[in-house]
Amino acid sequence: MLTLMAIGLVGGLITGISPCILPVLPVILISGAQSARATAGTSAAAGTVDPPPAKPSRAESLRPYLVIAGLVVSFSTVTLAGSALLSLLHLPQDAIRWLALVALVAIGVGLIFPSVEALLEKPFSLLPQKQFGSGSSGFGLGLALGVLYVPCAGPVLAAIVLAGATGSIGLPTIALTASFAVGAVMPLLVFALAGRRVAERVRAFRRRQREIRIAAGVVTILLAVALVFNLPATLQRAIPDYTTSFQHKLGGTDQVRRQLNLGGAANDQNAALSNCTDGATELENCGTAPDIKGIAQWLNTPGGAPVDLKQLHGKVVLIDFWAYSCINCQRSIPHVVGWYNAYRDKGFDVIGVHTPEYAFEHNRSNVATATAELGINYPVAMDNDYATWANYRNEYWPAHYLIDANGTVRHIKFGEGDYDVTEHLIRQLLSQAASNVGLPPAVDAPDTTPTSTLTPETYLGAQKAANYRGQGAYDQGTATFDYPAQLPNDSFALRGRWTLDQHSGTAEDDDATIALNYHARNVYLVVGGTGTLTVTREGQTSRILITGPPNMHHIVSNDTGATGHLEVALSRGLQAYSFTYG
């Protein structure tokens, strides 16, 4: 636990000295200046000496710390549980951000007009600390800033976000998040205390506390307006993130993932899964298969009835974790379908556990359509809450868990490939379960797993867009983008007006285009809506009509893997989610 907290603290400190602190820095500085005590009875007459400032009240002394405390609390809470809470309430994913922006404007107005401040404080009149927002406490200001403070992405923050998305929020996750948040805001506390120190030493500040409050209100409102129009991104673009190399050199990332159990918490059911070696060529003993649990709906079962693994004892069962827009899964599924069709009359069964990677993959009709298109006729469990994913401590799409007739996991394979090995082990288990079983010839379908190094999957949502290299900060909201002078390999950029959310980018005008440099034989784009994709590559242009829910579309096909460049123009309203490669 202490090691985990140390990793989080160091990762946060590195993030806290990055250009990402710039948007909130002016408010933090002037907030610190507000906490300086005004001098009583000062005089500007020549020859007079200002008396020492009066001792600040407890609330004024604590203001910089309370601003930072509020920032830590709201940042940690929103990072871990904000998305889940909004989904539970059926609210858009940016609802908390807009609420924070409104709160920031209200606090700024309260600083300028005391009567408005008094009105804002009324809801908290019964609390011991009545000055909650714009007064000397500053805790409410910190809460609003914490929602709007978006640290530069790094391996530690990525682990925290993944833990929140998969529901792995235990004490280690909370400890890591809190330590990261504390590290990230410690430089801001230094600036807040520096602002107070300057205000205490400069007589002009001590005399003009009212003017400082008005200035603080104006700066706070200006920050809110700037964030609405994404203006701080201009400043951030002008200053390269000089902390990136430090983030990647931070050790312990694998240790973080292990301690957070990002594939799910260890329990009596799944503890023995670690005995299995990924892709082993011989059968192993990996303990009793964990339950399939927390399933939202079932497909391909009579009346949508659930399937219990205990009911399948006596059969060899393959559990296949997949997501329908995952190209790796789409290449793997024909093999799984082939095995099911060949061996289902010989004591073999398959359960496809569909664990969504994107929000649109929670939709039953979308999954049902994809299931039919992929020729899947075995039961499919919609694991929308990651319950079964967590129970198997899984981390991959696709992932295969092979279970023998006694309910014991005997083989695990993560990712694509080695289909001949998996089929050989299926046949071996079927022969063990019934010595006189007559097996058909092996399916032995062609293995289309890419053997060359491909461009990593390219996500277009603001949450995971790691290889964006265009002009314009890649944040949630609506903004106008442009291409850089030169686009690096394995990266993308946007042009035109786009609205970004956590998982996708929506074209807002007819000039909305994506430039992509890639290395692959095939390129696919996950896109939804109604309109047209115009793909331009090597001087050739093709058009693809898009209609219906998000799905994967094949946009580039080469004979061999190659390095290439393309541009994709999207009709207004189309939503693009990711590029995948094969």
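Modeller: The protein has 17 helices and 15 strands. Helices (H or I, at least four residues) and strands (E, at least two) are DSSP runs, numbered from the N terminus. This is a predicted model, in which local features need pLDDT of at least 70 and side-chain atom pairs count only at pLDDT 80 or more, while totals for chains, interfaces and linings use all residues. Residues are numbered from 1 along each chain as its sequence is written, and side-chain values use heavy atoms, with hydrogens and water left out.

Biologist: What share of the 582 residues counts as buried?

Modeller: Buried means under 20% relative accessible area, exposed over 50%, and partly exposed in between (1.4 Å probe, protein chains only). Of the 582 residues here, 49% are buried.

Biologist: How do strands join into a sheet, and in which order do the six strands of the open sheet lie?

Modeller: Strands of a sheet pair through backbone hydrogen bonds, either parallel or antiparallel. Two strands count as paired if DSSP finds at least two bridges between them. Here six strands form an open sheet in the order 1-4-3-2-5-6, with mixed pairing. Strand 1 and strand 6 (409-414) are the edge strands, each pairing on one side only. From one strand to the next, the twist averages 20°; axes are lines fitted to C-alpha atoms, for helices over the stretch in contact, and angles run from 0 to 180 degrees between N-to-C directions. As one example of a pairing, strand 3 and strand 4 run parallel and are joined by three bridges. Val-353 has Ala-381 in strand 4 as its bridge partner.

Biologist: Which residues of helix 15 are buried?

Modeller: In helix 15 (residues 364-373), the buried residues are Asn-366, Val-367, Ala-370 and Thr-371. They fall within an arc of 130° seen down the helix axis, so they line one face of helix 15. That arc is taken from the directions from the helix axis to the C-beta atoms. Ala-372 and Glu-373, on the other side of helix 15, are exposed.

Biologist: What covers the buried residues of helix 15?

Modeller: Contact means heavy atoms within 4.5 Å. The cover includes strand 1 (297-299), strand 2 (316-322), strand 3 (348-354) and strand 4 (380-382). Helix 15 lies across these four strands, running at about 20° to strand 1. After helix 15 comes Gly-375, with a positive phi near 75°.

Biologist: How many strands should I look for beside strand 15, and is strand 15 enclosed or open?

Modeller: Six of the seven residues of strand 15 (residues 575-581) are buried, so strand 15 is largely enclosed by the rest of the structure. Its partners include strand 7 (residues 458-459), antiparallel over two bridges, with Thr-458 opposite Phe-579. Strand 10 (residues 505-507) is also antiparallel to strand 15, through two bridges, and Gly-505 stands opposite Ala-576. Strand 11 (residues 513-528) runs antiparallel to strand 15 with six bridges; there Val-523 faces Tyr-581.

Biologist: How many aromatic pairs does the structure hold?

Modeller: Rings of Phe, Tyr and Trp (its six-membered ring) pair if their centres lie within 6.5 Å; planes under 30 degrees apart count as stacked, over 60 as edge-to-face and the rest as tilted. The structure holds 14 such pairs. In one of them, the ring centres of Trp-389 and Trp-397 are 4.6 Å apart and the planes are at 40°, so the pair is tilted. Trp-389 is buried, at 4% relative accessible area. Both residues belong to an aromatic cluster with Phe-321, Tyr-392, Tyr-401 and Phe-414.
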